[in-house]
Amino acid sequence: MPVRAVGWARSFPVHRGVGEARRWCLAHLNTLRWTADAPDTVHSVLLTVSELVTNAHVHAGSSAQLVLTWDGTCLHVSVADADPHLPAPRQASTQATSGRGLAIIDALADAWDAHEVHGGKAITACFHPPDRPSPHDGSA
């Protein structure tokens, strides 16, 4: 049986902000019925979008290309920017006001990765629907 997927893509310039990316993402999650069937997962997806778009704007100083892809198994949330340097999780001090984004994504998403794309990078997080066990709880 062929794989059937649905996806959406949009670029968010630095001046448009994270709020617009969250609203855009939420509108598409509504079409998948995730807001009704998986509200906790929706909150995790929106927080991930906030973190990734903010990182693209602040650390890369570039637009954020946000792509959502639902393949029936995983909702892939991918944000690409112009910075070619792949991020690495780091330990933020208790006084730091930043530096926790990847740790947050690691805690929220079922899986994530960072990879080079077209002179920049993309970070992609995967979210399974609530009827699948999370790999974080040890039952997978």
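In this predicted model, strand β4 (residues 111-117) and strand β5 (residues 120-127) run antiparallel and are joined by seven bridges. One of the pairings sets His115 opposite Ala122, its bridge partner in β5. Two residues lie between the strands of this hairpin, and His118 takes a positive phi near 40° there.

The helices may be considered next. Two packed helices are described by the angle between their axes and the distance between the axes. For helix α1 (residues 18-31) and helix α3 (residues 39-58), the axes come within 9 Å and cross at roughly 145°. The crossing of α1 and α3 is right-handed. On the α1 side, the residues that meet α3 are Val18, Ala21, Arg22, Cys25, Leu26 and Leu29. Their counterparts in α3 are Val42, Val45, Leu46, Leu47, Val49, Ser50, Val53 and Thr54. By class, the residues of this contact divide into 11 nonpolar, two polar and one charged.

Both helices also enter the largest nonpolar core. This core holds 29 residues, of which Trp34, Leu66 and Leu75 touch the most other members. At least two residues of the core are supplied by each of β1 (6-12), α1, α3, β2 (64-70), β3 (75-81), α4 (101-108) and β5. The largest share, seven residues, comes from α3.

Leu66 may be examined in detail. Leaving aside neighbours within four places in sequence, Leu66 is in contact with Trp8, Ala9, Arg10 and Phe12, with Ala21 and Trp24, with Val49, and with Val77, Ser78 and Val79. Among these partners of Leu66 are Ala21 and Val49, which also take part in the contact between α1 and α3.

How values were computed. Residues numbered from 1 in each chain as written. Predicted model: local features only at pLDDT ≥ 70, side-chain atom pairs only at ≥ 80, totals over all residues. Heavy atoms only, no water. Axes fitted to C-alpha atoms, helices over the stretch in contact; angles between N-to-C directions. Helix = DSSP H or I, 4+ residues; strand = E, 2+ residues; numbered from the N terminus. Left-handed = near helix turned anticlockwise from the far one by under 90°. Contact = heavy atoms within 4.5 Å. Nonpolar A, V, L, I, M, F, W, Y, C, P; charged D, E, K, R; others polar. Pairing = 2+ DSSP bridges. Core = buried A, V, L, I, M, F, W, Y, C linked by side-chain atoms within 4.5 Å. Buried < 20%, exposed > 50% of the residue type's maximum accessible area, 1.4 Å probe, protein only.
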